[in-house]
Amino acid sequence: MKRIVRGLVAAVCGLPLALAAMSGSSGATSARPATTDHSAHCRAWMALTFDDGPSYYRTQTLRTLRSKRVPVTFFDVGMRVAANPQLSAFEAREGHLVLNHTWSHPHLPTLTPVQVRSQVLRTQRVLRKAGAPMPFKLLRPPYGDVDAAVDAQLTRLGYHHVNWDVVAVDWDVATTSTEIRDTIVKAFRPGLVILMHDGAVDSANGPADEAALPQVIDRGRQGGYCFGQLNRLGTVVPARLPESHAPIPEVVHPVPYLPLQPYSRGKVPPKPYVIVDPAAEL
């Protein structure tokens with residue numbers, strides 16, 4: 001998968017905070033949140049971001065984030081939001097940032113201007129309908145692909161776009177949780193934008209990301225970092241996750257997938273899921 005790395009203005013790095021990580025997360029949907037607010041005195045921040053959801057694995061991601069008291073930025077796919085709007089709505093209520101990752105995850109430079117606008121606006125509308133209206137217009141383009149024509153359309157719609165600084169090849173089901181963790185940890189620096197996929201749109205991946213996520217958080221805190229969110233320009237800013245006891249929703253309706261790619265390695269996603277025709281979603 002193509003990767004485009006965007007340089008970010010690094011935040012000022014503070015002294016290591018030597019924060020101890022909270023251990024484990026409950027398997028219940030109303031997992032008990034941690035009692036420690038690790039963000040209280042942070043000066044060095046990074047951002048965890050998740051693409052392609054909400055998938056079957058989003059429930060576990062939300063449990064881990066609540067247990068660790070970490071806010072993140074979700075770039076959700078419109079057709080998946082429409083299938084299970086309760087997940088995106090919960091993300092927003094919980095204190096996470098929910099933004100636009102297009103309707104069906106196409107390579108935007110291959111589309112017509114009308115199709116580009118449709119991909120963006122349909123997702124914007126479904127997020128609002130789900131109860132997760134975007135606080136500002138920031139989009140992550142699928143595969144990091146933006147050319148001058150796409151950029152012009154996004155600008156016309158009032159959008160900025162952002163990519164990432166580090167991503168493991170987590171969409172390949174052969175990539176282990178240790179490989180995901182180590183790739184991310186080696187890249188740690190203030191202002192880092194981390195990309196993970198807790199259920200890629202065209203692969204049966206997910207379990208390795210769920211195993212790696214708490215380890216990434218713990219390693220970051222051990223190094224003196226806290227985890228924030230993105231602002232309207234795609235830069236990392238401080239953020240906190242409020243304490244919550246609301247039940248965490250699960251997938252109810254089939255999760256849409258594009259045709260599974262070779263990096264799914266013959267595996268299929270957890271049920272319920274459905275494979276959609278990409279052309280029919282443009």
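Contact here means heavy atoms within 4.5 Å. The model is predicted. By that criterion, and leaving aside neighbours within four places in sequence, Asp202 is in contact with Tyr143, Tyr257, Leu258, Pro259, Leu260, Gln261, Tyr263 and Ser264. Asp202 sits in the loop between strand 7 (193-196) and helix 7 (207-222). The residue is buried, yet no salt bridge involves it. Arg80 is the nearest side chain of opposite charge, and it is 7.8 Å away. The side chain of Asp202 does have a polar partner: a contact of 2.6 Å joins it to the side chain of Tyr263.

Helix 7 comes after this loop. With 16 residues at 1.5 Å a residue, helix 7 should span 22 Å; its end C-alpha atoms lie 24 Å apart, which agrees. The helix carries a kink of about 25° at Leu213. The proline Pro214 comes shortly after that point. Leu213 is itself buried. Other buried residues of helix 7 include Asp209, Glu210, Ala212, Val216 and Ile217. Asp218, Gly220 and Arg221 are also among them. The cover over these buried residues includes strand 1 (45-51), helix 1 (58-68), helix 6 (177-186), strand 7 and strand 8 (226-230). Gly224 follows helix 7 and has a positive phi, near 90°.

Helix 1 is largely enclosed by the rest of the structure, because 10 of its 11 residues are buried. The buried set includes the charged residues Arg58, Arg63, Arg66 and Lys68. Thr59, Thr61, Leu62, Thr64, Leu65 and Ser67 belong to it too. These buried residues pack against strand 1, strand 2 (73-76), helix 3 (85-94) and helix 7.

Arg69 follows helix 1, in the loop that leads to strand 2. Its phi is positive, about 55°, although Arg69 is not a glycine. Arg69 has 10% relative accessibility, so it counts as buried, the cut-off being under 20%. Arg265 also has a positive phi of about 55° and is not a glycine. Arg265 lies in the loop between strand 10 (255-257) and strand 11 (273-275).

Two cis peptide bonds can be described alongside these residues. One runs from Gly53 to Pro54, with omega near 0°. Pro54 is placed in the loop between strand 1 and helix 1. The other joins Lys271 and Pro272, with omega about 5°. Pro272 is found in the loop between strand 10 and strand 11, where Arg265 also lies. Most residues other than glycine have a negative phi, and most peptide bonds are trans.

How values were computed
Residues numbered from 1 in each chain as written. Predicted model: local features only at pLDDT ≥ 70, side-chain atom pairs only at ≥ 80, totals over all residues. Heavy atoms only, no water. Helix = DSSP H or I, 4+ residues; strand = E, 2+ residues; numbered from the N terminus. Buried < 20%, exposed > 50% of the residue type's maximum accessible area, 1.4 Å probe, protein only. Salt bridge = Lys/Arg side-chain N within 4 Å of Asp/Glu carboxyl O. Polar contact = N/O pair within 3.5 Å; in protein donor to acceptor, adjacent residues only side chain to side chain. Expected span 1.5 Å × (residues − 1). Bend = angle between axes of the 7 residues up to and from the residue.
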